[in-house]
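The following exchange sets computed values against the definitions that give them their names. Each question asks on what grounds a term is applied.

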Amino acid sequence: MTSPVRLALLGCGTVGQEVVRLLHEQSADLTARIGAPLEIAGIAVRRLGRDRGDLPVDEDLFTTDALGLIKRDDVDVVIEVIGGIEPARSWLVEALRAGKSVVTANKALLAEDGVALHEAAAEGGGDLYYEASVAGAIPLLRPLRESLHGDRINRVTGIVNGTTNFILSAMDATGAGFAEALEEATALGYAEADPTADVEGFDAAAKAAILASLAFHTRVGAADVHREGITEVTAADMASAQAMGCTIKLLCIAARGVDPTGRETVSVRVHPAMIPRSHPLASVGDAFNAVFVEADAAGQLMFYGRGAGGAPTASAVLGDVVAVSRNRLAGVRAASESAYADLAVRPMGEALTRYHVSLDVADRPGVLASVASVFARHDVSIATVRQGSAGGPAGRDGDAELVIVTHVAPDAALAATVGELRGLDIVRSVTSVLRVEGGA
């Protein structure tokens, strides 16, 4: 039999333990698919002696010396599931430069400094695979990198964070506020004790950078992504969306465009947005993920499934392990990073979008005309206006609610419009501002 492919596993938390279990349970099938058995050479952990239940692995395989494990001559593939930037970056660069293949689920590192990893892989001649870094078990990155390589992708719109999708879905279904829905998500284990990375959009922004880099053959980093979280979304916002036949989702949106000089660009953003209930992403509930891809020849494609969790993520990791192991046995490597297009990343102010603006205004003649004139001064066209009765949301006599939805305009013009509205004497407050996507 062909010599085993030897694996170094960095991290043995929720995902790492599932990787070990799948390696054990599917050993015979994996061997048949690869043409050689897979063996764990070692598992790097922070602390030895931790109770890991009935994990089917010898205790003597555990070590706290991750770098020493990576440098061993008998290690062929390094699997990294610890997360974070350092020391993961140094370890993976070391492995790749030494010619070892790397499988990682580290979205933050790829978005922060994927260039260093790709350059190290090119230098050492190994593979760098990272399917598990975006959308868990959903086969998404490889289709973008390989299956759709003969097509031109124009737009990628996705729900890529399960925690925020659970929270917004709960708010939509029950009328709960953000704090109540977050409390439920935490109790059910969907939200971390510190949910900042999820609810403030950092997690989704890292994934958006990875998706944009693959879709548009351009290096996009986390710093290039406009990011807003969901902490300001209210029950009133959700009710207003429902009145329009919409729901609210935290979306990552990466799209081709053309700047005022005619140069092709890409814009990448993460923010909550209203989408019509007829949109395929609107029905994605609970902690599920989905990504909607629009391409010239293939048309519209949607990828859907569980976007997080130990077993789904481990499934994606093992898929990559099979691929890189087969490449090593065949003496080949996967295609290297494709960044030939080198499109300029367009600033958020130039992104074309629509706004849903809720205003608490004085209930007197001429108010609507004054508000409309502000939109006109910024070349923003109004699509619809809905006016509530006096004593509206603010609960004060003499007040009314105006809900305005715009046509498409540059985000900077829309933001400037809202800024001027805040300064008007007749505007008591701008109670809500949300973007509208998907033709609602």
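**Terms and their grounds**

Q: Why is Glu337 called partly exposed?
A: In this predicted model, Glu337 has a relative accessibility of 29%. Buried requires under 20% and exposed over 50%, so Glu337 counts as partly exposed.

Q: What makes the pairing of Glu337 with Arg219 a salt bridge?
A: The closest N and O atoms of Glu337 and Arg219 are 3.0 Å apart. The rule asks for a nitrogen of Lys or Arg within 4 Å of a carboxyl oxygen of Asp or Glu, and the pair therefore qualifies.

Q: Which parts of the chain does the pair of Glu337 and Arg219 tie together?
A: Glu337 lies in the loop between α12 and β13 (344-345), and Arg219 in the loop between α10 and β8 (226-227). The pair thus ties together parts that are 118 residues apart in sequence.

Q: Is Arg219 buried, partly exposed or exposed?
A: Arg219 has a relative accessibility of 41% and counts as partly exposed.

Q: What makes Lys107 and Asp203 a salt bridge, and where do the two residues lie?
A: Their side chains meet at 3.3 Å, N to O, and the cut-off is 4 Å. This pair links distant parts of the chain, with Lys107 in helix α5 (residues 107-124) and Asp203 in helix α10, 96 residues apart.

Q: Why is Asp203 called buried?
A: Asp203 has a relative accessible area of 10%, and buried means under 20%, so the term applies to Asp203. Its partner in the salt bridge, Lys107, is partly exposed, with a relative accessible area of 25%.

Q: How do you know that Asp399 and Arg428 form a salt bridge?
A: The N to O distance between the side chains of Asp399 and Arg428 is 3.0 Å, and the rule accepts atoms within 4 Å. Asp399 lies in strand β16 (residues 399-406) and Arg428 in strand β18 (residues 427-436), so the pair ties together parts that are 29 residues apart in sequence. Asp399 is buried at 2% relative accessible area, whereas Arg428 is partly exposed at 40%.

Q: How many salt bridges are counted, and which residues are linked in a network?
A: The count comes to 24 salt bridges. Arg6, Glu39, Arg72 and Asp74 are linked in a network of them.

Q: Why is Cys246 said to be in no disulfide?
A: The count for the model is zero disulfides. For Cys246, the nearest cysteine sulfur is that of Cys252, 19 Å away; a disulfide needs two sulfur atoms within 2.5 Å, so Cys246 does not meet the rule. Cys246 is nevertheless buried, at 1% relative accessibility.

Q: How do you know that the largest nonpolar core lies between two domains?
A: Domain 1 (3-135 + 308-328) and domain 2 (139-305) both give residues to this core, so it lies between them. Of its 79 residues, Leu10, Val78, Leu140, Ile153, Ile167 and Leu211 touch the most other members. Helix α10 (residues 202-216) supplies the largest share, eleven residues.

Q: What does Ile167 touch, beyond residues up to four places away in sequence?
A: Ile167 touches Phe178, Ala181, Leu182, Ala185, Val199 and Ile230.

Q: How do you know that the length of helix α1 agrees with expectation?
A: Helix α1 (residues 14-25) has twelve residues, which at 1.5 Å a residue should span 16 Å. The end C-alpha atoms are 17 Å apart, and this agrees.

Q: Which residues of α1 are buried, and what covers them?
A: Val15, Gly16, Gln17, Val19, Val20, Arg21, Leu22 and Leu23 are buried. The covering elements include β1 (5-10), α2 (27-34), β2 (38-44), β4 (77-80) and α12 (310-330).

Q: Why is Thr247 called buried?
A: Thr247, found in strand β9 (residues 246-258), has a relative accessible area of 2%. The limit for buried is under 20%, so the term applies to Thr247. Among the residues that Thr247 touches are Asp172, Met238, Ala273 and Arg277.

Terms used: Residues numbered from 1 in each chain as written. Predicted model: local features only at pLDDT ≥ 70, side-chain atom pairs only at ≥ 80, totals over all residues. Heavy atoms only, no water. Buried < 20%, exposed > 50% of the residue type's maximum accessible area, 1.4 Å probe, protein only. Core = buried A, V, L, I, M, F, W, Y, C linked by side-chain atoms within 4.5 Å. Helix = DSSP H or I, 4+ residues; strand = E, 2+ residues; numbered from the N terminus. Domains from an automatic or database assignment. Contact = heavy atoms within 4.5 Å. Expected span 1.5 Å × (residues − 1).
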